[in-house]
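Today I wanted to look for enclosed empty space and then follow a few strands and a helix. Here are my notes, in the order I looked things up.

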Amino acid sequence: MNGPQPLRVGVRTLCDVTAREGDLDHRFTPSPSAREGIEGHREIARRRGADYLTEVTLAGEVAGLMVRGRADGYDPEANRLEEIKTHRGDIARLASNQRALHRAQLRSYGALLCAERHLESVELTLVYLEVGSGRETRVSEHATAAALWQELVERCRGYFAWAEREAQYRRDRDAALCELSFPFADFRPGQRHLAEECYKAAATGRVLMAQAPTGIGKTLGTLFPLLKAMPRHGLDRLAYLTMKTPGRRLALEALTRLGAHPKQDGLALRVLELTAREKACEYPGRACHGEACPLAAGFYDRLPAAREAAAERRWLDRESLRELAVEHGVCPYYLGQEMARWSDVVVGDVNHWFDDHALLHGLAREQGWRVGVLVDEAHNMIARARGMYSVALTQRDLGRLKRSAPERLKAPLGRLQRQWQVLVREAGLGEGAGPGRPAVRHLATLPPSLLGSLQALATALAEALGEHPELGAEWQELLFESLAFLRLAERLGDHTLCELTREGRGRARLALHNLIPADFLAPRFAAAHCVVLFSATLGPADYQRDLLGLPKGSVWREVPSPFAANQLEVSIRADISTRLRDREASLDPIVAEIAAQHARRPGHYLAFFSSFAYLEAVFAHFVACHPQIPAWAQEPRMSEAARDTFLSRFTDDGRGVGFAVLGGAFGEGIDLPGERLVGAFVATLGLPPADPINEALRTRLQARYGRGDEYAYRVPGMVKVVQAAGRVIRDPEDSGTVVLMDDRFARNEVRQYLPRWWGEALVRTAGPTGHAPT
């Protein structure tokens, strides 16, 4: 009979836990992306020759642990083992804790290599590759097998107690999850169906697109089945990803209901809420290194105790994490980054898995995790992903920064400005351009000379900020934007539009607009064990598959609605046009429609319009014609407090009309159940403007998928319409009215996007009880 299997640990994890010491040191030197790191490794391999071995798999049992890892490169003839690290800027600025970690990894690989190949000694070399210049820096040492093995044994002994506790915790966690029960006596209508489909996705390792109506409890309906699937289907982690902060709160509330909060003495589960760095920082404005921030000084010396305490506490929302961090004198943001390694459910923004430097995606690749990913309000994913993979640089900002630049940055800024002027001249953007009449060119390629100048500026910025972090946030932001621009420029294709805009002398803007995020997102979907994308307005399925780059075999499911058509009276005013040329003529019938409906059923309503200009025109006309009806309007760039004030007027016993912009803060993500909202008016199809970018998008989508107009205009517009109308019915007991005001809503190609549970909309040309169909 076989004995107990040894505990397993990767070399990188082993060294991360046991080899780091001293200060946290992030002096504005962003590390290369994962793709740049891979390219750097390939470049070193090309330089080494045909006999050079890459990605050398190594494993061995050491002090009760099975240690595994992949060494970057080995030259058998020279008996030289290499660990390759890519970096930016001056290698002398590499933090001491990073150097210690790299050396520990290399020496651990050396011990395993000597044991496996029966070597008495080996040459160990750390290879640092500067991604901007391609320059190598080598740090070599000769080591005996005996010394390396003894060092690895000591390292494993130091890790063993933590590994034993983690293994026992995993067993307890899986046992608890097997016994996990749904927290209510029964599922809501439609919720069981959603849960079953989510469990199947986890069992089969697929992507599920679930269109599920509001009010069925999607958060619990997706979390519960994925938690049940963790022990049965070997999921290591769950990532619950949201578009906005309220989504995180709902996920944490659902996990509390499931018993994950330690105060309930229930489910053994580690839950981590990830927040943005600027929100978690205790000392805003200070640089992240020991000389500037007291929480960075000695961070790695205090981290083990903080990690132990955090693992014991288990519930690590923003407040709990901050409390622990302050107690142990460490940075809460970076404690959260560390605990992402050890938590079972991570709740955070979608960028933590999908953007170019995604933390969770990087950890999953490094650790070999099987991850279940849940994406809430997934109808926003396409727009969010476009933002993640778009970037812009402005000539005016460069000129302004140059005037106050340190001497060492003036020359690289000047060279970039000259290259920019050449680009503007060669693109034929003449002097006639100005505010309100910008000249625009779409470029197929970018000159290598301009990209070279931008790369030189990025290198100079990294070095200057590393030595003088007090330079400030503007220079740091320029560095990040420059690096992002360079990364995306290298991958320029039909998925991205390169646009040069000029509004006058020294006022040019160079932007890379991502149009089709599929090319960037496809590897992220492939890296997850399973993904559930869910929303009340996720369709059409082909639109999501195509633009998100979902893998073959992805499943589409529409969850039956718990609502009935008789709960929502839907009508279409086919005699109203909201096209720009007809806006003035539309004011009277829109105002009359809103007032008549309010008289028929007094209560609270929301009225949605395509722009602030249109909103303001209708609002002014409504107030003038019906001063007896309370009315209030959304304003541009409202603060969070102002938004709360707007929503606070929707009381159970009140009445009036709130005017809002479609697709804005009040078009989705707000909950006004019962009598707080009894109806909505939508005076627009929500179509994006037919500007040069959207027209380029339409052309690209037509070329790739043959559905340009539908994918660029019609679908995004109707998603906004249905989301806004979805504010009316939130609970099975609700009832209300939706009036769609535009003749185009009567067209079959538009009505096909309306929810099926709405039933047949009444098409009319007069007031709420009119019977004149078109």
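**Cavities.** I counted two cavities of 30 Å³ or more. My rule for a cavity: on a 1 Å grid over the protein atoms alone, it is a set of points where a 1.4 Å probe fits but cannot get out, and lining residues have an atom within 4 Å of a point. Grid points are joined across faces, edges and corners, and a volume is the space filled by probe spheres set on the points.

A note to self on the source: this is a predicted model, where local features need pLDDT of at least 70 and side-chain atom pairs count only at pLDDT 80 or more, while totals for chains, interfaces and linings use all residues. Residues are numbered from 1 along each chain as its sequence is written, and side-chain values use heavy atoms, with hydrogens and water left out.

**The largest cavity.** Its volume came out at about 110 Å³. Of its 15 lining residues, Cys281, Cys288, Cys293, Cys331 and Tyr334 are the closest to the centre. I then asked which element gives the largest share of this lining. That is H11, with three residues; strand S11 (288–289) and helix H11 (332–339) each supply at least two. Helices (H or I, at least four residues) and strands (E, at least two) are DSSP runs, numbered from the N terminus. By class I found twelve nonpolar, one polar and two charged residues in the lining, with Ala, Val, Leu, Ile, Met, Phe, Trp, Tyr, Cys and Pro as nonpolar, Asp, Glu, Lys and Arg as charged, and the others, Gly among them, as polar.

**The second largest cavity.** This one has a volume of about 40 Å³. Its lining includes Arg237, Trp353 and Trp369, and strand S9 (residues 237–242) gives the largest share, three residues.

**Strand S18.** Six of the seven residues of S18 (residues 508–514) are buried (under 20% relative accessible area, 1.4 Å probe, protein chains only), so the strand is largely enclosed by the rest of the structure. I looked up its partners, where pairing takes at least two DSSP bridges. Strand S15 (residues 391–394) pairs with S18 in the antiparallel sense over four bridges, and Ala392 has Ala511 as its bridge partner. Strand S17 (residues 496–502) also runs antiparallel to S18, joined by seven bridges. S17 and S18 form a hairpin with five residues between them, and Gly504 in the turn has a positive phi of about 130°.

**Helix H20.** In H20 (residues 541–548), I found Ala541, Tyr543, Gln544, Leu547 and Leu548 buried.

Technical notes
On a 1 Å grid over the protein atoms alone, a cavity is a set of points where a 1.4 Å probe fits but cannot get out, and a pocket is an open set with protein on both sides within 12 Å along at least five of seven lines; lining residues have an atom within 4 Å of a point. Buried means under 20% relative accessible area, exposed over 50%, partly exposed in between (1.4 Å probe, protein chains only).
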